[in-house]
Amino acid sequence: MTTDRLVYHLALTRSMLEGATIALLPGDPGRVEAIARTEPFANARELANKREYRTWIAYVGATPILVTSTGIGGPSASIAIDELAQIGVTTFLRVGTTGAIQQHVDVGDVVVTTGAVRLDGASTHYAPIEFPAVAHPDVVNAAIGAARALGIPAQVGVSASCDTFYPGQERVDSFTGYVPRRFQGATEEWRRLHVLNYEMEAATLLTMTAAMGLRGGCVAGVVVNRTRGEHVELEALKRGEHNAVRVAARAVADLVAAPR
Ligand code: URA
């Protein structure tokens, strides 16, 4: 790219990134500032704020890193990832929340996703469904190491990524209470296949990064255990979010420090 073009949705240019190649990706624009101000990041400041896409820059030593919100779900996440890649980002770590579907995964644990079941639609626009949504080993290892160093329990394995929070995750606390036939029993099937959790962006992210030759990973804090209930309690939400952010921030610092 020769010009310092503004990417359409994120309202960023390559030069605004100051050479940053690593981005943390929360879903919620309301979490971006707090993440950018998390230890060990310093000198955080806002770069752009447009629609669901809010971006802050912060530093690990002299190295700039980005925090960009993706909004919820694959379509909006795909735009953030694509546009960040266009202006020089090569490593992407989603930091989010998730519902566990295995009994042994507790609220407050973090799930480090190694691969995702592609129940989304957006990833199929980047690679055929046979293509795996796999995380990059550097990012997985950094996240596992960070969780270990912080003493936060990490569950490592496969996640299922859905386009919907309600029927796709087989929730009955929806408006109609009805779950279409194709999703009835789905949670038990994923459970038997040792899938750890439901969330909404990992499959899109990991398909895109694997298909584009970039590094992707996902750390999600467990905010509900679906073997016990559907409802996300506020305290659980805070704990899950907090732990995921601490692990992800530490993992980013470790990725900055590690030679590629
Ligand atoms: N995010 C999801 O997609 N599902 C949950 O159950 C919790 C957070």
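These legends walk through close-up views of a predicted model, centred on its ligand and largest pocket.

Local features here need pLDDT of at least 70 and side-chain atom pairs count only at pLDDT 80 or more, while totals for chains, interfaces and linings use all residues. Residues are numbered from 1 along each chain as its sequence is written, and side-chain values use heavy atoms, with hydrogens and water left out.

**View 1. Meet the shell around the ligand.** T97, T98, G99, F165, Q169, R171, Y198, E199, M200, V223 and V224 surround the ligand (each has a heavy atom within 4 Å of it). Five of these shell residues are nonpolar, four polar and two charged (Gly counts as polar). Strand 5 (91-100) chips in the most, with three residues; strands are DSSP runs of E, at least two residues, numbered from the N terminus.

**View 2. Polar contacts hook up with the ligand (pairs of N or O atoms within 3.5 Å).** A side-chain N or O of R171 sits 2.6 Å from a ligand oxygen. Q169 puts a polar side-chain atom 2.8 Å from a ligand nitrogen, and a polar backbone atom of G99 is 3.5 Å from a ligand oxygen. The protein covers 93% of the 240 Å² of accessible area that the ligand has on its own (Shrake-Rupley method, 1.4 Å probe).

**View 3. The ligand's space is the largest pocket.** A pocket is an open set of points on a 1 Å grid over the protein atoms alone, where a 1.4 Å probe fits, with protein on both sides within 12 Å along at least five of seven lines. This one holds about 410 Å³. Of its 22 lining residues (an atom within 4 Å of a point), R31, I72, T97, F165 and M200 are closest to the centre.

Key:
A polar contact is a pair of N or O atoms within 3.5 Å; within protein, one must be able to donate a hydrogen and the other to accept it, and residues adjacent in sequence count only if both atoms are side-chain atoms. A molecule sits in a cavity or pocket if more than half of its atoms lie within 2 Å of its grid points. Helices (H or I, at least four residues) and strands (E, at least two) are DSSP runs, numbered from the N terminus. Grid points are joined across faces, edges and corners, and a volume is the space filled by probe spheres set on the points.
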